[in-house]
Amino acid sequence: MKPYIAVFKLRVINGLQYRIAALAGVATQFVWGFMYIMIFEAFYRGFSGTQAISLEQLATYIWLQQAFLYFLYLWLKETEISESITSGSIAYELCRPCGIYGFWFAKLIAHRLSGTLLRCAPILVIAFFLPIPYRLSLPPDPLTFLLFVVTLLLGLIVVISLSMLAYISIFVTMSPIGSFLVFSVVGEFFSGFVLPIPLMPIWLQNIVYLLPFRLSVDLPFRVYSGNIPTNDAIIGILTQIIWIIVLIAVGKFLLTKMLKRVVVQGG
Amino acid sequence: MYFATKNIILEVYLLIKIEGLSKTFKVARRSSGLGEAVRSFFSPKYSEVNALRDVSFSIDEGEIVGYIGPNGAGKSTTIKVMSGILVPDSGDCNIMGYVPWRDRVQYVKNIGVVFGQRSQLWWDVPIVDSFELLRDIYRVPEDNYRKNLNMLTETLNLSEIINTPARQLSLGQRMRCELAASLIHDPKILFLDEPTIGLDAISKIAVRNFIKTINKENNVTVILTTHDMNDIETLANRIIMIGKGQILYDGNLNKLRDKFVTHKTVTIDYNENASPIELNGAALLSWSKDRATYAVDIKQRGVSDVISELSAKLEIIDVAVDSEPIEEIIIKLYKEHQV
C-alpha cells in the first residue's frame, strides 16, 4: 500500500498548489448554482401539482453538486495520465514496481480530493446563509448526514473506477478528448448532473436506475436532502459496493490486456 | 554432467542474455493532401516496420556498453524491451533470471532507467518530493535512502537545486536530477537512453564522470544509447551497433578502430624549408614554408618511422598526430552496411 499512499500524498500536495484556478472555479460554480436554481424556480412556479423533489431539496441538491463538482464530475480529466499515454511518458510508470491500476487510482483520488478541498468550503459556507429558496439546508438528522458521507465517498470511488475505463480507452483511441467527450456526455446525463433524476419521466428513470452513473451524484445528494429515505440509502450503498467491485475487476482486466500490447509512443 | 554444470555457471555469470529478439510495428501511412486524408479515413493503409530483427547479445556484470546506431535503428525499442515495458514478437530475454515483460513488477526493482527525452520528475513540486516518492515506491529503507541521497547530492552537485521545482531547472540540472532519481533504489543495471541529449559540454562531462563513478564504485552495469561519440569514447569499452533492427557490430571499440582506421594525420611545424618533401606511404595533404600535413597509411609504415625520416631532413619544431575521429569510423561502418 505504501507506494500508492505516497503517490496519493504527492498528488494532493501538487494539486493544492493551484489556488487561483480554484478561486476562479468557486466563482464559476456560484454563477452556475444560481442560474440552475432560478431556472427550476421558474419551472416550479408555472407548475401547480407537487413535484417528486421540493424546491428546497432541489436547491440543496444543486449547491452540493456545485461544491462537490470536482469530486464527482465525470468530465474532469487528469491530464497527466492521459498525456502519459499519448506522449509515451507512461514508460516511466511501467518501470516502477507497482501495478499501474492502483497507481492511477491513487492519483485520481488525490487529484479530485485536492481540487475539492480548495473549492467546496466557500461554496458550502455562503450557500448556508442565502435566503430561501436559495439556501442550502442542513440534513434532517445526524444519521442522514452519516449516510451522505458514506455515499459521497463511495460515489467518488464509483466515478474513478468509471473514469479508469475512459483512461484505458485512450490506449486504443489515442485521443483523450474523444474518449472523455463520449464518456462525459453520457455519464453526466445519467448521473443526474444536468437534470435531477426525480424530474425525469418514469421510463427514463427506470433506465437510469439500472446504470451505475447515478450512484455518484444523484444518490449522495438526495440522501443528504432527505429525498431518499434511510432504507433506500442503505440499498444504494450496497449497490455502490457491487458496482465498484464489478468496475474495478473489468478495469483491471482491460488494463492488463492493453499493457500487453501497449506501444510506447515516441522514440 | 560436466556440461550441465558449465551451463549453470555461464548463466549466473551473464547478467543479460538476449536471443533472437524481433519486434514489428504497424505504422499508418498516407501521402499528404486532403483527398488522401479522406481516403485513408475509410481504408487506412498500414505498413510494417521491423524495429528489431533477430537481435542477440549478452552482457556481463559491471560492463558499460554503448548501444549505438542511426535514428530509427531500434535502439530505444531494445531498451524498452529490456526494461520490461514492451513485449517483443519473438525471442528470449533473460535479465538476472527474469523475463522483463513477464515478471515486470518483480524485475524493475533491480533496474534504473533514464529516458533522455522524457521526465520522471514531478513538474510542479520540488525535486526532493519526487525523490521521496521514489523512495516509497521502491520501498527503500530510510537509512539507505539517506545514504544514497547524500552520495548522489554530492557527486552530482545537487544541493542547490534539490528544493527547486523541476520546471524551474535548466536541462542540464534536470538531467542530473533524472540520473539521481534512477539510482535512489540501488539498481544493479542502469539503462540510459540518450542521457546527454541537448546538454552543454560541462554538463556532458559531469554526466559522464558520474556514470563512470557509479559503475566503478557500485558495480552498476550500464547500457547507454547515444549519438554523441565522445560519450562512447570516454565511457564504453564495448559497443553494440544496430542498424535497421539488426546488430552490425558487437565488440571492443579499439578493435573497431583497428579495423577501420587506415590513416593517421601527421602535422609538422619546422623552420623554413623551400620545397615540399615527398614520402613513401604517406600522402602530402598540404604544404607551406613552415608547416606540412601528411596522411600516413598505417598499413604501409608506422607513424614514428615517418617522423624520424622527416626529422632527418627538416628542423622540426612541433609534431601533432591525429587519428581519424570515431564519428567517421561509424559513418564508414554505416556505409558498409548501407544503413
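## A salt bridge to start with

A salt bridge is a side-chain nitrogen of Lys or Arg within 4 Å of a carboxyl oxygen of Asp or Glu. With that in hand, look at Lys107(A) in this predicted model: Lys107(A) pairs with Glu93(A), and their closest N and O atoms are 2.8 Å apart, which is how the pair meets the 4 Å cut-off. Lys107(A) sits in helix H7 of chain A and Glu93(A) in helix H6 of chain A, so this salt bridge ties together parts that are 14 residues apart in sequence.

Counting over all chains, the structure holds 24 salt bridges.

## Where chain A meets chain B

Let's turn to the interface. On one side, 33 residues of chain A take part, and they are in contact with 29 residues of chain B. Together the two chains bury an area of about 2,800 Å², with carbon and sulfur atoms giving 63% of that figure. Three residues are worth finding on your screen: Leu10(A), Tyr92(A) and Pro97(A) supply 27% of the area that chain A buries against chain B, more than any other three residues.

How many salt bridges link chain A and chain B? The count is 1. Lys2(A) forms a salt bridge with Asp136(B), and the closest N and O atoms of this pair are 3.7 Å apart. There are also 10 residue pairs in polar contact between the two chains, counting pairs in which both residues have pLDDT 80 or more.

## The face that chain A presents

Which helices of chain A build the side that touches chain B? Helix H1 (2–15), helix H5 (79–87), helix H6 (90–94) and helix H7 (100–128) each supply at least two residues. H1(A) gives the most, with 7 residues. By class, the residues on this side of chain A divide into 17 nonpolar, 9 polar and 7 charged.

## Two helix pairs within chain A

Two packed helices are described by the angle between their axes and the distance between the axes. For H1(A) and H7(A), the axes come within 8 Å and cross at roughly 30 degrees, and H1(A) passes H7(A) in a right-handed crossing. From H1(A), the contact uses Tyr4(A), Val7(A), Phe8(A), Arg11(A), Val12(A) and Gly15(A). H7(A) answers with a list of residues including Phe103(A), Ala106(A), Lys107(A), Ile109(A) and Leu113(A). Sorted by class, this contact has 10 nonpolar, 4 polar and 2 charged residues. Lys107(A) should look familiar: it is the partner of Glu93(A) in the salt bridge described above.

The second pair is helix H8 (residues 142–173) and helix H9 (residues 176–191) of chain A, whose axes come within 8 Å and cross at roughly 140 degrees. H8(A) passes H9(A) in a right-handed crossing. H8(A) brings residues including Leu162(A), Ala166(A), Tyr167(A) and Ile170(A), and H9(A) brings Pro176(A), Ser179(A), Phe180(A) and Phe183(A). What is the make-up of the contact of H8(A) with H9(A) by class? There are 7 nonpolar, 4 polar and no charged residues.

## Two backbone details in loops

Two spots in the backbone deserve a look. In chain A, the peptide bond from Ile132(A) to Pro133(A) is cis, with omega near 5 degrees. Pro133(A) lies in the loop between H7 and H8 of chain A.

In chain B, Arg139(B) has a positive phi of about 50 degrees although it is not a glycine. You will find Arg139(B) in the loop between helix H5 (127–137) and helix H6 (142–155) of chain B.

Methods. Residues numbered from 1 in each chain as written. Chains lettered and ligands numbered in written order. Predicted model: local features only at pLDDT ≥ 70, side-chain atom pairs only at ≥ 80, totals over all residues. Heavy atoms only, no water. Contact = heavy atoms within 4.5 Å. Buried area = accessible area lost by both parts, 1.4 Å probe. Polar contact = N/O pair within 3.5 Å; in protein donor to acceptor, adjacent residues only side chain to side chain. Helix = DSSP H or I, 4+ residues; strand = E, 2+ residues; numbered from the N terminus. Nonpolar A, V, L, I, M, F, W, Y, C, P; charged D, E, K, R; others polar. Axes fitted to C-alpha atoms, helices over the stretch in contact; angles between N-to-C directions. Left-handed = near helix turned anticlockwise from the far one by under 90°.
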